[in-house]
Amino acid sequence: MSTFSIIIKWLGNEYTINEDVVKLTDTVGDLKNELCKKTGVLPERQKLFGLKYNNKPATDDVKIENLNLKLNSKILMVGQNEVVNVSNNSVSPENDFDLPEELETPVDKNEDNIAKIQRRIKDYQVNILNLPREGKKLLVLDIDYTLFDHRSVAEKAVDLMRPYLNEFLTESYKYYDIIIWSATSMKWIQVKMQELGMENNPNYKIVCYLDSLAMISVKSPNYGVIEIKPLALIWGKCNQYSAKNTIMFDDLRRNFLMNPQSGLKIKPYRDAKNNRHKDKELYYLTKYLKMIAEREEDFTVLNHKDWHKYILR
């Protein structure tokens, strides 16, 4: 029976590494060499989030046996594929497809979709990390390309964090409860929140995390079946929130199909190395969130596509 087995996640794929491939006496560098064979990502381009030694990111010379890994521990890898045909393992590209500016036939009134949401409300289990606060509005945030450039390479996760993120969350928390909703598994949401310092930040609290299992599939006449994030799931779980006091940021417009009035399509944050000193999206959106929280009793009167114009009033 194997005493060592870890699962590496990269671009939606999972790779199991056990003692048949890497021994406990091997190093992190040896592990990276094996991952290169499987993914095509050169060892020097790999960042493995979750490998710790003495409470610091493990360097390449640290032995696997000194990492105190649990059996089937899951590790997130970030890095760009630069090697062609190094393995028979296929790497499927990330699905960044989005809808055009003008949405097609609405799906939010479809009875089948509404029934799916009701089933999610009944069956999906939400782990409340911090209780909702009375009188607060709700801000729902995506992670990848919204708060974090998960495809670029960096020495540490905070280097891939969107500029002004902590200031944005700290100021927004004065007016909004915050929920994180990502189209990935709960495990990877938790890893990213830990690496970004958002899990137990003293300046703001997260109500809960929602993962891909909270999403529903809807049939789009022009684009086929699409996985989306229906805010009615949250509203059904906690009735202090509604379309009147909820706003959701996501870099993919398709996630708003069941609640187009509540969604704000944020500019995707990519190429962190070149944009970390240029991107001011969260800086200006902090102003927008504060202004509408103080001025608007009903968010359904707003057109979030015009948020740039609103803050210039």
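**Close-ups of a parallel sheet and its helices**

V140 of strand β7 stands opposite I179 in β8. Everything shown in these views comes from a predicted model.

**View 1. Strand β7 sits between two partners, β8 and β12.** On one side, β7 pairs with β8 (residues 176-181) in the parallel sense, over 5 bridges. With β12 (residues 246-250), β7 shares 4 bridges, and these two strands run parallel as well. Look for L139 here: its bridge partner in β12 is I247.

**View 2. Both faces of β7 are covered.** The strand spans residues 137-141, and 5 of its 5 residues are buried. K137, L139 and L141 are buried on one side, and L138 and V140 are buried on the other.

**View 3. The whole sheet is open and has 5 strands.** Reading across, the order is β9-β8-β7-β12-β13, with parallel pairing. β9 (206-210) and β13 (263-265) stand at the edges; each has a single partner strand, so one side of each is left without a neighbour in the sheet. On average, neighbouring strands are turned by 20° against each other, ignoring direction.

**View 4. At one edge, β13 pairs with β12.** The two strands run in the parallel sense and are joined by 3 bridges. In this pairing, D250 stands opposite K265 in β13.

**View 5. D142 is tucked into the loop between β7 and α3.** With a relative accessibility of 6%, D142 counts as buried. Its side chain makes a polar contact with the side chain of T146, at 3.0 Å. Leaving out residues up to four places away in sequence, D142 touches L147, W181, S182, K229, F249, D250 and D251.

**View 6. Helices α3 and α4 lie across strands of the sheet.** Helix α3 lies across β7, β8 and β12, and runs at about 155° to β7. Helix α4 (residues 186-195) lies across β8 and β9, running at about 140° to β9.

**View 7. Helix α3 meets helix α7.** The axes of α3 (residues 165-172) and α7 (residues 281-295) come within 9 Å and cross at roughly 5°. That makes α3 roughly parallel to α7. From α3, the residues to find are L165, F168, E171 and S172; they meet L282, L285, T286, L289 and K290 in α7. Sorted by class, this contact has 5 nonpolar, 2 polar and 2 charged residues.

Notes:
Residues numbered from 1 in each chain as written. Predicted model: local features only at pLDDT ≥ 70, side-chain atom pairs only at ≥ 80, totals over all residues. Heavy atoms only, no water. Axes fitted to C-alpha atoms, helices over the stretch in contact; angles between N-to-C directions. Parallel < 35°, antiparallel > 145°, perpendicular 65-115°, else oblique. Contact = heavy atoms within 4.5 Å. Nonpolar A, V, L, I, M, F, W, Y, C, P; charged D, E, K, R; others polar. Buried < 20%, exposed > 50% of the residue type's maximum accessible area, 1.4 Å probe, protein only. Pairing = 2+ DSSP bridges. Polar contact = N/O pair within 3.5 Å; in protein donor to acceptor, adjacent residues only side chain to side chain.
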